[in-house]
Amino acid sequence: MKIFVYGTLRHGQANARRFGLTEPVETDVVLDGFDMFDLGWFPGIVPGAGSVVGDVFEIDPKTQLGLLDAYEGYPNLYTRQVVDVDDGVDTIYHGVSVYVYNNSTRGAQQVLGGNWLDRKVG
């Protein structure tokens, strides 16, 4: 199972190592149709007009998915959706899971450019 991560689980981040996300399928891929918001020490994405930058990992649904669900507060804080992401050149990853924020972003700052690792809020 492939998963798209865009915040504290991205390649090289401490939480990625914590959950065994050490070898990405690809880094810096793009998910269109979502906006990213700064929710404090972590981001959340919601459907919108923007794009989000993240990494794709292959995970074992039997061992890693439950741990990631618990970490992300699934299904209350985040829901899981199936999306397509691309590398901006020619590779499209179909049927990739992503955690989508399931609460209001009212009062949160949007992360311009949709890249948590290079975040600028506005």
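How many of the 10 residues of strand β5 are buried? Begin by selecting residues 92-101 in this predicted model, which make up strand β5, and you will find a mostly covered element in which seven of the 10 residues are buried.

With β5 still highlighted, add its neighbours. Strand β4, residues 78-86, pairs with β5 in the antiparallel sense over eight bridges, and if you pick Thr79 you can look across to Val100, its bridge partner in β5. Then follow the chain through the hairpin that β4 and β5 form, where five residues lie between the strands, and stop at Gly88, which takes a positive phi near 80°. Next bring in β1, which runs parallel to β5 and is joined to it by two bridges; here Ile3 is the residue to click on, as it stands opposite Ser97 in β5.

From the strands, turn to the charged side chains. Side chains of opposite charge can pair when their charged atoms come close. Five salt bridges are found when the whole structure is searched, and the tour visits some of them.

Select Lys2 and Glu58 together, and display the distance between their closest N and O atoms, which comes to 3.0 Å in this salt bridge. The two residues belong to distant parts of the chain, since Lys2 sits in strand β1 (residues 2-5) and Glu58 in strand β3 (residues 43-58), 56 residues apart. Both ends can be inspected from the surface view: Glu58 is partly exposed, with a relative accessible area of 42%, and Lys2 is partly exposed as well, at 28%.

Now move to Arg10 and show its side chain along with that of Asp28, where a salt bridge brings the closest N and O atoms to 2.7 Å. Asp28 lies in strand β2 (residues 26-38) and Arg10 in the loop between β1 and α1 (14-18), so this contact ties together parts of the chain that are 18 residues apart in sequence. The two partners differ in their surroundings, for Asp28 is partly exposed with a relative accessible area of 47%, whereas Arg10 is buried, with a value of 2%.

Keep Arg10 selected and add Asp55, whose side chain meets that of Arg10 in a salt bridge of 3.2 Å, N to O. This pair again links distant parts of the chain, with Asp55 in strand β3 and Arg10 in the loop between β1 and α1, 45 residues apart. Here both partners, Arg10 and Asp55, are buried. Finally, display Arg10, Asp28 and Asp55 at once, because salt bridges that share partners join these residues into one network.

Note on methods. Residues numbered from 1 in each chain as written. Predicted model: local features only at pLDDT ≥ 70, side-chain atom pairs only at ≥ 80, totals over all residues. Heavy atoms only, no water. Salt bridge = Lys/Arg side-chain N within 4 Å of Asp/Glu carboxyl O. Helix = DSSP H or I, 4+ residues; strand = E, 2+ residues; numbered from the N terminus. Buried < 20%, exposed > 50% of the residue type's maximum accessible area, 1.4 Å probe, protein only. Pairing = 2+ DSSP bridges.
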